[in-house]
Amino acid sequence: MSTLPEPVRVVQLPDGTYTYTDHLPTPLQPGPVPQVIQHIHHAPPDRTVQRIALGSGIGAGTVAAGVYFGPLLVGALTAIAANLALLAFLAAVLVWGVHTVIRSVGGPDGQQAAKAIGKARRTRKGK
């Protein structure tokens, strides 16, 4: 008669984890492992406006137009803003240039007018 204990084995539980047989609370009854079907759903990119539009009954053509023309509208507005910023910069440079040329070429009358304007500005700031 042998008094040695039964050797410890590693078994896989139905949930997929592994454990030792000496740690099991009850004897493991081998049986059919149920097949688990797991559906993993990944959320698509956020299209809340399109979902609201389709839910409110407007057609898919309107949604497609929104998807297509939305980025085009953003691009057009960005281009317009960039053009306006460039035009404002050019206007500022031109005004500065004209002011400088008139001041330097205007002779004593131009310089006297520039001094008078500068003096009026200083006295207005002091009030």
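Which pattern does the protein follow when read along the sequence? Colour your view by secondary structure and trace the chain from its start: the pattern is β-β-α-α-α. That gives two strands and three helices to find. Keep in mind as you go that this is a predicted model.

**Stop one: the whole chain**

Switch on a surface and look at how the residues are covered. Of the 127 residues, 5% count as buried.

**Stop two: helix H2 and its nonpolar patch**

Now select residues 60-105, which make up helix H2. Within this selection, pick out Phe89. Is Phe89 buried or exposed? Phe89 is exposed, because its relative accessible area of 54% is over the 50% cut-off.

Phe89 also has company at the surface. Add Leu73, Leu77, Ile80, Leu84, Leu86, Leu87, Leu90 and Val93 to the selection, and together with Phe89 you have a nonpolar surface patch of about 890 Å².

**Stop three: the second largest pocket**

Next, select His99, Ile102, Arg103, Gly110, Ala113, Ala114, Ile117, Gly118 and Arg121, the lining of the second largest pocket. The volume of this pocket is about 210 Å³.

Which helix gives the most to this lining? Show helix H3, residues 107-126, and you have the answer: H3 gives the most, with six residues. H2 takes part too, since H2 and H3 each supply at least two residues of the lining.

Finally, colour the lining by residue character. You should find four nonpolar, three polar and two charged residues. Arg103 and Arg121 are the charged ones, while the nonpolar residues include Ile102 and Ile117.

Conventions
Residues numbered from 1 in each chain as written. Predicted model: local features only at pLDDT ≥ 70, side-chain atom pairs only at ≥ 80, totals over all residues. Heavy atoms only, no water. Patch = residues over 30% accessible without salt bridge, like charges linked within 9 Å, V, L, I, M, F, W, Y side chains within 5 Å. Areas by Shrake-Rupley, 256 points an atom, 1.4 Å probe, with all protein chains shown as cover. Salt bridge = Lys/Arg side-chain N within 4 Å of Asp/Glu carboxyl O. Helix = DSSP H or I, 4+ residues; strand = E, 2+ residues; numbered from the N terminus. Buried < 20%, exposed > 50% of the residue type's maximum accessible area, 1.4 Å probe, protein only. 1 Å grid on protein atoms, 1.4 Å probe; cavity = no way out; pocket = protein on both sides within 12 Å on 5 of 7 lines; lining within 4 Å. Points joined across faces, edges and corners; volume = space filled by probe spheres on them.
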